[in-house]
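Okay, everyone, thanks for coming. Let me put the structure up, and then I'll walk you through a few spots in it.

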Amino acid sequence: FVISDDGSQFAWEHLEGEPGPKLRHHAAAGVDGAMYVFGGLAFDEAQVQAGAAAGLNGNAVPQADLWRYEVASRKWTLLECAAATAPAARFGHSLVAGRDGSLVLFGGKAGGGGGLSDDVHIFDIQSCSWRVVAAPAEPRPAARYYHQAAVLGSAMMVFGGADCEPGTCTCMGDLWAFDLVGESWSLVEAGSRDNPEASAQQ
């Protein structure tokens, strides 16, 4: 779906087109008229069976594929060229448009009892390849998923998220800035009594 403005009101439009990824809990970002979608959980029966054969439980399997949707042509493309360098399969991560036509991925959780991630990966659209950022061990945000991320100036801002184990969930209320130029983290001290409460977005 897209939401368009005809000059008098906003309205949703269902875009028909080629089949795309059947995902949930994925992350998406827009760059130059295209939407990029990475990872998430696939509920396709064949993929679920493949996951079960690999020892994964549940009715959904985490993915590590990257798709591009061209809004003008309404066409989905699986970027197979990105597979060799792709981050590990995950869901609940974030994806934002970075500098010079890149994508920046942070965090998420692996399936099948896998742990949370605190890694940062950058996708170069021109070369169709991922690279992991070798950020300093400290300071950096704790591993998390279902956080929110947005670019502000030359930084990716990350707020909230959760760390969940069976039977319990800890929601986070910290705000971090990832410098897209220096590729390092810093904790943002908001210093206000009106800070948002700890939260996670599912």
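So, tyrosine 36: across from it, in strand 8, stands arginine 68. Keep in mind that this is a predicted model. One residue back, methionine 35 has tyrosine 69 of strand 8 as its bridge partner. Both pairs belong to the antiparallel pairing of strand 5, residues 34-38, with strand 8, residues 66-70, which runs over five bridges.

Now, on to the other partner of strand 8. Strand 8 and strand 9 are also antiparallel, joined by four bridges. In one of these, tryptophan 67 is matched with leucine 78 in strand 9. The two strands make a hairpin with four residues between them, and that's where arginine 74 takes a positive phi near 55 degrees.

Put those together and you get an open, antiparallel sheet of four strands, in the order 4-5-8-9. Which strands stand at the edges? Strand 4, residues 27-31, and strand 9: each has a single partner strand, so one side of each is left without a neighbour in the sheet. As for the twist, neighbouring strands here are turned by 20 degrees against each other on average, ignoring direction.

Okay, the packing. Nonpolar side chains in soluble globular proteins tend to be buried together. Here, the largest nonpolar core has 16 residues, and the ones touching the most other members are Tyr36, Leu66, Leu95, Leu103, Phe123 and Trp130. So that's our tyrosine from the start again. Strand 4, strand 5 and strand 11, which is 102-106, each supply at least two residues of this core. There's another core apart from it, with 13 residues, including Val104, Phe106, Ile122 and Val133.

Take leucine 66 as an example. Beyond four places in sequence, leucine 66 touches Tyr36, Val37, Phe38, Thr77, Leu78, Leu79, Ala82, Leu103, Phe123 and Trp130.

Last stop, histidine 93. Where does that one sit? Histidine 93 is in the loop between strand 9, 75-78, and strand 10, 94-97. And is histidine 93 buried or exposed? It's buried, because its relative accessible area is 5%, and the cut-off for buried is under 20%. A polar atom of the histidine 93 side chain lies 2.8 Å from the backbone oxygen of phenylalanine 38. Setting aside neighbours within four places in sequence, the contacts of histidine 93 include His25, His26, Phe38, Phe106 and His147.

That's my tour, thanks.

Technical notes:
Residues numbered from 1 in each chain as written. Predicted model: local features only at pLDDT ≥ 70, side-chain atom pairs only at ≥ 80, totals over all residues. Heavy atoms only, no water. Buried < 20%, exposed > 50% of the residue type's maximum accessible area, 1.4 Å probe, protein only. Polar contact = N/O pair within 3.5 Å; in protein donor to acceptor, adjacent residues only side chain to side chain. Contact = heavy atoms within 4.5 Å. Pairing = 2+ DSSP bridges. Axes fitted to C-alpha atoms, helices over the stretch in contact; angles between N-to-C directions. Core = buried A, V, L, I, M, F, W, Y, C linked by side-chain atoms within 4.5 Å.
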